[in-house]
Amino acid sequence: MIPHASHQPPAPARVFLSGAPGTGALAEHVLATGHGQWWTDRTEEPRVVAVTCGGHALLAGNPGAVTPGRLAPLAGHYIEAADRFLPVLGAAFGHLHPWERMLYVHRAEPVVPRVPHGVTVRRVVPGDAGALAALDPAAAWLHGTWGSPAALAGSGLAWAAFRRGRVLALACTRFAGSRYEDVACATGPDERRRHLALACVTGLTADIAARGRRASWTCSRDNRPSRLLAWTAGFRLTREYVHFAAGPVNHASKLADAA
């Protein structure tokens with residue numbers, strides 16, 4: 001796969017559905033924000049197209065048109081692709097781990113959160129970039145689809161719980177599509193079970209609705225706390241699916257490609 005020359009999608013990128021919820025909004029997010037990368041099997045009239053952002057990848061097209069070694073740029077990503085790609089993906093990487101996922105859409109009224117005294121929950125503004133940058137490195141994935149803490153702070157698409165200028169919990173739009181915005185959320189380990197995440201998500205989903213879009217939520221089937229938070233915040237299960245965690249490149253396949 002070769003990087004496409006610009007952030008504008010190659011012509012066959014229409015294979016990715018417009019207006020999709022969850023990670024399905026990734027392609028629209030990359031197109032709208034410029035954060036991410038398009039990949040094709042060849043420059044002219046590509047037959048296979050991928051788009052990556054924040055450690056996730058969508059892959060579509062004709063799997064017979066690409067060899068395992070050409071998929072090397074997708075190593076280390078969570079890949080969503082049709083089942084017809086599984087043979088070539090399995091040959092491309094040292095391991096390909098299936099991960100059962102759940103997709104929720106915001107459909108109900110949330111439980112009203114009770115915010116502790118001394119905590120302020122509000123929309124994140126550009127001046128909060130330093131506070132986002134000071135988050136634990138384990139929370140860096142929250143701004144991974146925006147390129148930097150400053151970019152997320154300037155997007156207007158995040159809510160946070162603050163105490164004396166420090167971020168205790170953060171909810172943000174991970175992928176912004178034309179119809180859906182997929183929500184990501186995290187709370188500091190010492191601040192959990194205080195309704196902070198619920199308050200942030202409630203503020204964010206109200207903003208999303210005001211923009212004329214609907215919020216979606218994706219998480220692992222095994223992540224019970226995330227599933228419970230989604231339900232409490234008014235999200236309801238829409239479907240279950242599988243994406244694949246791609247390990248390192250299978251060098252045997254690369255040698256076979258070169259032979």
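In this predicted model, Val 201 sits among residues distant in sequence. Leaving aside residues up to four places away, Val 201 touches Ala 171, Cys 185, Trp 217, Ala 233 and Phe 235. Val 201 belongs to the largest nonpolar core, which holds 24 residues. Within that core, Val 201 is one of seven residues that touch the most other members. The others are Tyr 104, Ala 161, Val 183, Cys 185, Trp 217 and Phe 235.

Several elements supply two or more residues to this core. The strands are β6 (96-106), β8 (158-163), β9 (166-176), β10 (180-187) and β11 (214-220). The helices are α5 (196-210) and α6 (224-232). Helix α5 gives the largest share, seven residues. A second core of 19 residues is separate from the first. Among its members are Leu 132, Trp 146, Phe 162 and Val 167. In soluble globular proteins, nonpolar side chains tend to be buried together.

The protein as a whole contains seven helices and twelve strands. Its radius of gyration is 19 Å, close to the 18 Å that the globule rule gives for 259 residues, so the protein is as compact as a globular protein of that length. The C-alpha trace spans about 65 × 35 × 35 Å along its principal axes. Of the contacts with a separation of 6 or more, 69% join residues 24 or more positions apart. Buried residues make up 48% of the 259.

The exposed area is about 12300 Å², and 55% of it comes from carbon and sulfur atoms. Charged side chains number 27 positive and 18 negative. The centres of these two sets lie 5 Å apart.

Note on methods:
Residues numbered from 1 in each chain as written. Predicted model: local features only at pLDDT ≥ 70, side-chain atom pairs only at ≥ 80, totals over all residues. Heavy atoms only, no water. Helix = DSSP H or I, 4+ residues; strand = E, 2+ residues; numbered from the N terminus. Rg over C-alpha atoms; globule rule 2.2 N^0.38 Å. Buried < 20%, exposed > 50% of the residue type's maximum accessible area, 1.4 Å probe, protein only. Contact = heavy atoms within 4.5 Å. Areas by Shrake-Rupley, 256 points an atom, 1.4 Å probe, with all protein chains shown as cover. Lys, Arg positive; Asp, Glu negative; His and termini not counted. Charge placed at Lys NZ, Arg CZ, Asp CG, Glu CD. Core = buried A, V, L, I, M, F, W, Y, C linked by side-chain atoms within 4.5 Å.
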